Amino acid sequence: MNAHRIAAIPGDGIGREVLPVAQRVLDAVASRHGFELSWNELPWSCSWYAAHGAMMPPDGLDRLRDADAIFLGAIGQPGVPDHISQWGLLIPIRRAFDQYVNLRPVRLLPGLESPLRDCGRFDVAIVRENTEGEYSDVGGRFATPAGDVAVQESIFTRRGCERVLRFAFDLACDRGGRLISATKSNGIMHTMPFWDEVTAEVAAGHPGVDWRRMHIDALAARFITHPEDLDVVVGSSLFGDILSDVAAAVSGSLGVAPSANLDPTGDHPSMFEPVHGSAPDIAGRGVANPIAQVWCGALMLEHLGHPEAAADVLAAIEAVTAEPALRTRDLGGRATTEDVAAALTAALPPTSPLPH
Ligand code: NAD
Ligand code: IPM
Ligand code: MN
């Protein structure tokens, strides 16, 4: 039987609650479609840090290298500074494996309500640069006679901008043909004008795409005032990060927003993780919404070459969101993580196509 090797890192907080739910759903759908997921469970997390003084072993990246994909819950726990935990695990994985596209699809699922009064249609793909930009370890703290100074450099390379912009314009060609590039070239004088320049160059190679730039502040407002106008939105790491939480909120909750960290060349494993974090405020109570993690699973199945199985998972998600009794608290309901898990598994289409 065809088995895919998946490195599973539940991580911290609700990551440990929602990742096992997604594994159950994925195992169920895989067996219906004649393939197997072979999980390599890795306990790397803030608890692991407490015991070992590091977020993962020194050969951690090498142990992930041969996986067909990485399935991650969330990282972060009060008591461990976030920059230590994220730069000890999540960010090194994205960078070492050249996962330069962070693709974050967001749409209003059947039955769910946006907090916006007249949301209309909302179906957006956020393409976020994922290996450079504002997230950088270049800089430092300096004591000066005038007081302490912290300097943080942003790094924008032509190669880095070009490849993610090309991915976004190609995606716009495959979708509605509209793209907005997030910028801030009015206030940021080096990196953002450069990003804009490379955007125009890449756009010239995609004459079919109706594109424009928007400053990030106005674009954030646009997500609230005209969400129905948006199709593909591309931005740097920081801009894409902020917009993806805004978009998730517009779609009803952070609890339903998936993300795929992709190395489109296929040279390294890609990583699938929700947009949300470890939610320490609700962790351990069995109330987290597992849908974002399960949707990540669908993105992973698609990436592994199983579009029908992925479609089955999405169909199960849509059947569950359509049922008000199955809403978790973030969506205004009272269902538990386990209620949703059981309903998702039960909602998988029963028929078993021929194994392939
Ligand atoms: P968060 O996404 O964890 O939580 C924000 C709010 O959304 C909280 O009120 C939380 O309860 C709610 N929420 C999030 N996911 C939910 C779900 N599935 N179901 C129901 N409610 C949900 O963001 P935060 O509070 O800023 O960060 C908490 C920790 O997570 C920090 O340590 C942060 O660094 C980390 N973080 C990790 C990742 C990741 O590992 N990919 C992503 C974002 C944040
Ligand atoms: C996300 C998270 C991370 C990011 C943090 C935890 C470093 O917010 O995946 O959206 O900003 O990339
Ligand atoms: Mn984020």
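The shell around ligand 1 comprises 11 nonpolar, 7 polar and 4 charged residues. These assignments refer to a predicted model. Of the 22 residues that surround ligand 1, the nearest are Gly76, Gly255, His276, Gly277 and Asn289. Among the secondary-structure elements, H4 makes the greatest contribution to the shell around ligand 1, supplying 3 residues.

The surroundings of ligand 2 consist of Gln86, Leu90, Asp241, Val275 and Gly277. Classified by residue type, the shell around ligand 2 contains 2 nonpolar, 2 polar and 1 charged residues. Gly277 is thus named both among the nearest residues of ligand 1 and in the surroundings of ligand 2.

Backbone geometry was examined at two loop positions. Most residues other than glycine have a negative phi. Aspartate 98, a residue other than glycine, has a positive phi near 50 degrees. The loop that holds aspartate 98 runs between helix H4 (82-96) and strand E4 (101-107). Aspartate 98 is classed as partly exposed because 18 C-beta neighbours are found inside 10 Å, a count in between the limits of 12 or fewer for exposed and 20 or more for buried residues.

A positive phi, of about 40 degrees, is likewise found at alanine 279, which is not a glycine. Alanine 279 is placed in the loop between strand E12 (270-274) and helix H9 (291-303). With 23 other C-beta atoms within 10 Å, alanine 279 is buried, whereas aspartate 98 is partly exposed.

Methods
Residues are numbered from 1 along each chain as its sequence is written. Chains are lettered from A and ligands numbered from 1 in the order in which they are written. This is a predicted model: local features need pLDDT of at least 70, side-chain atom pairs count only at pLDDT 80 or more; totals for chains, interfaces and linings use all residues. A residue is near a molecule or strand if its C-beta atom, placed from the backbone, lies within 6 Å of it. Ala, Val, Leu, Ile, Met, Phe, Trp, Tyr, Cys and Pro count as nonpolar, Asp, Glu, Lys and Arg as charged, and the others, Gly among them, as polar. Helices (H or I, at least four residues) and strands (E, at least two) are DSSP runs, numbered from the N terminus.
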